[in-house]
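User: I'm new to this one. Can you walk me through it?
Analyst: Sure, here it is.

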Amino acid sequence: MFNYSQAFSRNIGWVTEAEQTTIQNSRIAIGGLGGVGGSHLITLTRLGIGNFNIADLDDFDYPNFNRQYGATLSSIGRPKAAVMKETISDINPELDIKLFENGITEQNLDEFLKDVDIYVDSLDIFALEIRRKVFARCYELGIPAITAAPMGMGTAFLIFLPGKMSFEEYFALEGLSFEDQIIYFIMGVSPTVLQRKYLVDRSSVNFLHEKVPSTVMGIEISAGVACTQVLKLLLNRGDIVCAPHGLHFDAYLNKLKKSWRPFGNKNPIQKIMYRRIKQILNDN
C-alpha cells in the first residue's frame with residue numbers, strides 16, 4: 001500500500017518534515033510535457049509535490065527519443081499529457097492532477113492557473129504567442145514563473161517574480177517578426193550564449209522551419225535547476241535570482257556565468273548580440 005511519508009522519506013534532511021508537508025500541499029502548473037516539461041514533472045513528482053496542472057497538445061513520436069522522458073516505443077502516437085499522467089500516477093497514486101490535453105489556450109488559461117503556487121515554463125521554444133500570455137497572466141495573478149531552457153549541454157534560467165521585472169519588459173518581443181521574436185527569446189534566456197562555442201553544425205539551427213538541436217543532458221540539467229528554484233520559492237529559503245538577473249551553467253565547458261541585463265533585451269549589449277546572431281543566420 002502506498003504511503004506518502006515513506007515514499008518521500010529520503011527527502012528529509014534536505015527539507016524538514018513540516019517543509020515536506022508544504023511541498024505535498026503545493027500545486028505546480030507545467031505548460032508543455034515534451035523535453036524539459038516531462039523531466040520537470042518527474043523531478044517535482046519525486047520531490048513530493050502533491051498537485052499538478054499539466055498541459056500538452058502533442059503526441060509522442062520518434063524524434064522525441066533523444067530527450068523526452070515519456071518517449072518510448074509503447075508511447076508512440078499517444079498523447080504526451082495522458083502518458084505523463086500515467087507515469088507520475090505510478091509514482092504517487094495520491095496525486096491530484098488537472099489535465100489539459102488540448103494545451104493552454106486563452107479560453108482555459110485562468111483554469112490552468114487556478115490555485116497554482118508556481119508556474120514552470122516548458123512550452124515549445126516556438127510557442128511564443130501563448131507563452132507571452134501565460135507569463136502575463138501569471139504576473140497579473142502574482143504567480144512566480146520560471147523558465148529554464150536547455151542550451152546545448154547546460155541550462156540558462158530566468159525567474160519572473162510578482163512586482164519585479166515582467167516577462168514582456170525583459171524580452172521586449174512586441175512588434176517583432178516571428179524569427180526576431182525567437183532570436184530575442186533565445187538571447188534573452190541565454191545572454192552569455194555559452195553553447196555557441198561547441199555547436200559543430202550551424203545548419204541544424206533554422207528558426208523559420210522551427211528546427212533547433214537538443215541534448216538530453218541539457219534537458220536533465222534544466223530540470224534539476226528549475227525544480228531547485230521551485231523548492232526554494234515554496235519553502236521561502238535560499239537566494240532567488242530573478243530577472244533581469246539570470247544564471248547559465250554549461251556542463252560541457254565547465255562554466256557557470258551570471259548575467260545582468262538592465263532593461264532586458266533593450267540593453268545595448270543585447271542589441272549588439274542580435275546583430276551578430278542575425279549575421280550568422282544570414283551567412284548560413
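Analyst: First, a term. Helices and strands here are DSSP runs, numbered from the N terminus. Also, this is a predicted model.

User: OK. How many helices and strands are there in the protein?
Analyst: The protein has ten helices and eight strands.

User: What's the radius of gyration?
Analyst: It is 18 Å. The globule rule gives 19 Å for 284 residues, which is close, so the protein is as compact as a globular protein of that length.

User: And what box do the C-alpha atoms fill?
Analyst: Roughly 60 × 40 × 40 Å, along the principal axes.

User: Back to the strands. What order do they take in the sheet?
Analyst: The order is 3-2-1-4-5-6-7-8, in an open sheet of eight strands with mixed pairing.

User: Which strands stand at the edges?
Analyst: Strand 3 (96–100) and strand 8 (255–260). Each has a single partner strand, so one side of each has no neighbour in the sheet.

User: How do strand 6 and strand 7 pair?
Analyst: In the antiparallel sense, over four bridges. Strand 6 covers residues 154–160 and strand 7 covers residues 245–250.

User: Which residue in strand 7 is the bridge partner of Ala156?
Analyst: That is His248.

User: What does helix 9 touch on the sheet?
Analyst: Helix 9 (residues 216–235) touches strand 1, strand 4, strand 5, strand 6 and strand 7. Its direction makes about 160° with that of strand 5.

User: New topic. What share of the residues is buried?
Analyst: 51% of the 284 residues count as buried.

User: And the accessible surface? What does that come to?
Analyst: About 13800 Å², with 52% belonging to carbon and sulfur atoms.

Conventions:
Residues numbered from 1 in each chain as written. Predicted model: local features only at pLDDT ≥ 70, side-chain atom pairs only at ≥ 80, totals over all residues. Heavy atoms only, no water. Pairing = 2+ DSSP bridges. Helix = DSSP H or I, 4+ residues; strand = E, 2+ residues; numbered from the N terminus. Contact = heavy atoms within 4.5 Å. Axes fitted to C-alpha atoms, helices over the stretch in contact; angles between N-to-C directions. Rg over C-alpha atoms; globule rule 2.2 N^0.38 Å. Buried < 20%, exposed > 50% of the residue type's maximum accessible area, 1.4 Å probe, protein only. Areas by Shrake-Rupley, 256 points an atom, 1.4 Å probe, with all protein chains shown as cover.
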